[in-house]
Structures are given as structure tokens and as C-alpha cells.
Amino acid sequence: MSGNLWPEVLGRLEAEYPANLFQMWIRPLQAEHHVDSLELLAPNPFFVRHVIDKFLPRIREVARELSQGRVQDVRIRVGSRGDRAAVSATPASASPAQSVAAVNSVAADMTAIRDRASRQGSAPASEVMARPVSSLNPLFTFENFVAGKGTQLAHAGCLQAADNPGSPNSNPLFIYGPTGLGKTHLMHAVGNEILRRNPSARVMYLTSERFVGDFITALQRNMMPDFKRVYRSLDALLIDDIQFFAGKESTQDEFFHTFNSLLEGSRQIIMTSDRIPREINGMDDRLKSRFSWGLSIQVDPPDKETRIAILLMKSHSAGIELPLESANFIAEHVQGNVRELEGALNKVMATARFRGLPVSLELVKEALRDVLIVRARQFNIDNIQRVVAEYYRIPLRELTGKKRNRSFARPRQIAMALSRELTGNSYPEIGQAFDGRDHSTVIHACEKVNELRAEDSHLNEDYNNLLRQLQA
């Protein structure tokens, strides 16, 4: 089949799709022409799934039409025709998606070698062990990350790591906090930015489970020299959920040496975890110490203003007009983490598309009806009072009672502020739940807590701990 088909298909699709979607998802694809089929090559599994869901049916139609029926099938898989040459040949101005495609071409090629060796059972160990397949998401960039109060420091630290990889000021970079708050997004953003500036950089993103799996495979197949060569020759290692190394002594020992090798070579290391290094039980003290050598930053749940900004940005990217009133309602009632927020927005947008209606406040309430019911059960004043009383180890009756001792009054004010932030109840309703207090008392409590959080780091930590506990 003529190799001119795919350029013709690209020309047709470029005229049909918005420029940003075409450049992000279709332009990076490569094609291999066969007698009656077309095989598309994508940079990573994430890319493959998205193209299958959103674009592949139309690509098939256009290919059949332009080939006058000669192409009966269009398939897609992870891979690249360029192999290593694609990495060095990628221009410095390449998009993140194109840079990722170039880097992952090596992984695709090596994966093919590994699969072939597995089938034949005769390839030498040095040929089988290769760079593990990594998967940088090209959509996770600094440009589409909304940095609120809870993630400002982490965002700044990641920008610093991307600007000057391996700098002692941000190496290693350890980002910790609850799930769904943007840790992985920031890590991918660093990798994408490093590749944008230097497409030939050896950047690898993987989960801790993947590292463990590759380590076990290397042991089983007698390929440890190749395992060490691959991981210790990286320019940047981005590893997610490092807490899963806990209790795995052999893996920790190997990672300890990999960590030291990369750090000595001024190569960037970024790790994420759901807790601060010293609180990871079952982790070697040597690793805990090294994790804290560089920059450790905590991420916290987004405040309401940040949640609104995230909703507006995500809806704009999806081509949906989200009125501020609707964004405010979603942000008010979905407060767990960014992942839950995006899930709620996706449900609203799907409902609007299905019904062919604009996103009104009424449509939002109907689309999120089940979410609101669950939230009403989870976030109620009684539950907040109980959690706060247990946290400060005071009797519940004293938390809601009349005593003005600071040991009771301050937790009471915090409970009122949390009730206002999490439940959406009015000031009079909250006051009524605290032994019939006046609404002005609740307003004063909320203002006082906000003031003290800015001045007293211990009180702010208590408030954030309670917020995370209630939202867990």
C-alpha cells in the first residue's frame, strides 16, 4: 500500500478537529502501512486508550474512504517506527506528546525484544532486560495545573526541579499527602517539561509496584546487571507511591543503591507518598533519611476558590460552558479531592450532552443527586462534633456546652468552622446544634479560626488534620 495514505488521513482529520485536540492526540501518531490495513503507533497505553475511545472510529472511516475501500482495518498499539533515532532526531521545539513518543520508542522496542525472547526462550539475558515501559501522560503539564493554597509550595518545587534538574535545592523532591490532590500530575509535569527542553533526556515515570515487579523479574532471569544499568543511567526517575516499598527489604536495598547512584550523578529524583517519610512504617531508616535530604513538601486539599478554578479550567478544556453559579455549587458540595471533583464535573457534562441542555444549576443538582445524598450522610454537624471531640480528647458535652475555658472554647470554634465549610448549613442552624448559640457567635468563631490559622501553625495543622480525617 502507498505510504501516502496516512498523510492524506491526517490532512482530512486536521480540518475536522479543533487544533488543540489534533495536535495533542492525532499528530503524534505514526503509521505502518500493510496490504489491507493500517497500524497506528502511539507513545504509551494511556494514549492508546484515549485514541480508541475518542478518535479511532472516525480514523477508520476516513482511511477506508481515502483508500477507496482497500483498507479494511485500522489498529493501534504502543510503539514507534523511529526507535532510538527518534529520540535524537526530535526537535527541541517538539510538543510534550511528541517528546514522550520519542522517549517511549525505546521502551516499545525493548518490550518487543523481551516478548520475543520470552517466546523463543533462547535470547541472552542482556538482550531481554531493558528499560521498563514508562508512561508519561502528555496532558499533565504545568499549564493545566491549578495551584491553590494547598499545592503552591509543591508546584513551586516542581517548577524548580524542571528548570534545573538535579539541583541540590530540590533533589530529591518528596511530595506527600492524601490521594487525589495532584501529586502525580505535578510529577508528570516535571517529566514533560524536562523532555520538552531536552527531548533526548532519559526520563522514566513508574509506580513503586512496577519497580518491584522489574526487580523480581531481573532476579528470576539473572538480569540484575541490566536492571542496574537501566535504572542508574536515567536523567530523571519519577516514582509514585513510594510507601509500597515498606516491608520489602531486598527491594529497598536495591533502591537504596539506585538512589545513591542517581544522586551522586546529580540526576533528578522525585517521589510521592501518602505520608511523610518518617511515618512510613517498615521502611529502612537509611532510605527515610535520604528521602529527607532534599525538599519534602506536603499537599493539602484545595480550598473552595481553588476548586472553582479547577472546575472552570476543566470545563473550558472540554468545550463546555460552566456558569459560575454551577461551579460554585459543585465546589461547595464536592470537597474530598481533585479526583472526586473531576468525577462530579464529568457526570454533569455527560448529563448535559446526553440531554442536549446547557449546564444550569438545576441540571447540576439532578446530575449529582446521588453524590449529594452520600455527602449529606458523611458531612453532618453531629459527626463533625464527634470527630473534633475525639481529636482533642474532650467530652462531647463540653464541646457543645457553655464553658468558656480555652481547652473547650477553641475546639468548639474549630468544630463550628468545619461545620460551616463542610456541611453548607446556615449560621443559625450551626448555632442551634451547639447548644442553641446565636448565629453571630458562629460567624465570630469562623472568622477567629481563619485568623488563627494564618498566625498559629499548630492550630492550622490541627485544622488540616481534622479536615483530612473527615474527608477520608
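**Exercise 1. Pairing around strand 6**

Work out how strand 5 (residues 203–207) and strand 6 run relative to each other, parallel or antiparallel, and how many bridges join them. Then follow strand 6 to its pairing with strand 7.

*Solution.* Keep in mind that you're looking at a predicted model.

- Step 1. Look between strand 5 and strand 6: five bridges join them, and the two strands run parallel.
- Step 2. Pick one pair to check this by eye. V203 stands opposite A236 in strand 6.
- Step 3. Now turn to strand 7 (residues 268–273). Four bridges join strand 6 to strand 7, and these strands run parallel.
- Step 4. Go back to A236 and look for its bridge partner in strand 7: that's Q268.

A bit of background helps here: strands of a sheet pair through backbone hydrogen bonds, either parallel or antiparallel.

**Exercise 2. Is strand 6 buried or exposed?**

Decide how covered strand 6 (residues 236–240) is, and sort its residues by the way they point.

*Solution.*

- Step 1. Count the buried residues. Five of the five residues in strand 6 are buried, so the strand is mostly covered, with buried meaning under 20% relative accessible area.
- Step 2. Sort the side chains. A236, L238 and D240 point one way, while L237 and I239 point the other way.
- Step 3. Put that together: residues pointing either way from strand 6 are buried.
- Step 4. For context, zoom out to the whole chain: of its 472 residues, 50% count as buried.

**Exercise 3. Two residues with positive phi**

Find where D241 and D435 sit, and decide whether each is buried, partly exposed or exposed.

*Solution.*

- Step 1. Start with D241. Its phi is positive, about 55 degrees, although it is not a glycine.
- Step 2. Locate it: D241 lies in the loop between strand 6 and helix 12.
- Step 3. Check its accessibility. D241 has 26% relative accessibility, so it counts as partly exposed.
- Step 4. Repeat for D435, which has a positive phi of about 60 degrees although it is not a glycine.
- Step 5. D435 belongs to the loop between helix 22 (427–433) and helix 23 (439–455). At 40% relative accessibility, D435 therefore counts as partly exposed.

**Exercise 4. A sheet of three strands**

Describe the open sheet built from strands 1, 2 and 3, and say which strands are at its edges.

*Solution.*

- Step 1. Read off the order, which is 1-2-3, with mixed pairing.
- Step 2. Find the edges. Strand 1 (30–33) and strand 3 (73–78) are the edge strands, since each pairs on one side only.
- Step 3. Look at the twist: from one strand to the next, it averages 25 degrees.
- Step 4. Zoom in on strand 1 and strand 2 (residues 37–42). They run antiparallel and are joined by four bridges. As a landmark, H33 stands opposite L38 in strand 2.
- Step 5. See what packs on the sheet. Helix 4 (residues 56–66) touches strand 2 and strand 3, and its direction makes about 135 degrees with that of strand 3.

**Exercise 5. Two helix crossings**

Classify the angle between helix 11 and helix 12, and do likewise for helix 14 and helix 16.

*Solution.*

- Step 1. Take helix 11 (residues 224–232) and helix 12 (residues 249–264). Their axes come within 10 Å and cross at roughly 40 degrees.
- Step 2. Name the angle. Helix 11 and helix 12 are therefore oblique to each other, and their crossing is right-handed.
- Step 3. See who meets whom: M224, F227, K228, Y231 and R232 in helix 11 meet E254, H257, T258, S261 and L262 in helix 12. These contact residues divide into four nonpolar, three polar and three charged.
- Step 4. Move on to helix 14 (residues 304–317) and helix 16 (residues 338–355). They pack at an angle of about 45 degrees, with their axes 10 Å apart.
- Step 5. That makes helix 14 and helix 16 oblique to each other, too. Helix 14 passes helix 16 in a right-handed crossing.
- Step 6. List the contact: R307, I310, L311, K314 and S315 in helix 14 meet V338, L341, E342, L345 and M349 in helix 16. This set splits into six nonpolar, one polar and three charged.

**Exercise 6. A cis peptide bond**

Find out which loop holds P172, and describe the peptide bond leading into it from N171.

*Solution.*

- Step 1. The bond from N171 to P172 is cis, with omega near 0 degrees.
- Step 2. P172 is placed in the loop between helix 8 (152–163) and strand 4 (173–176).

Key
Residues numbered from 1 in each chain as written. Predicted model: local features only at pLDDT ≥ 70, side-chain atom pairs only at ≥ 80, totals over all residues. Heavy atoms only, no water. Axes fitted to C-alpha atoms, helices over the stretch in contact; angles between N-to-C directions. Parallel < 35°, antiparallel > 145°, perpendicular 65-115°, else oblique. Left-handed = near helix turned anticlockwise from the far one by under 90°. Contact = heavy atoms within 4.5 Å. Nonpolar A, V, L, I, M, F, W, Y, C, P; charged D, E, K, R; others polar. Pairing = 2+ DSSP bridges. Buried < 20%, exposed > 50% of the residue type's maximum accessible area, 1.4 Å probe, protein only.
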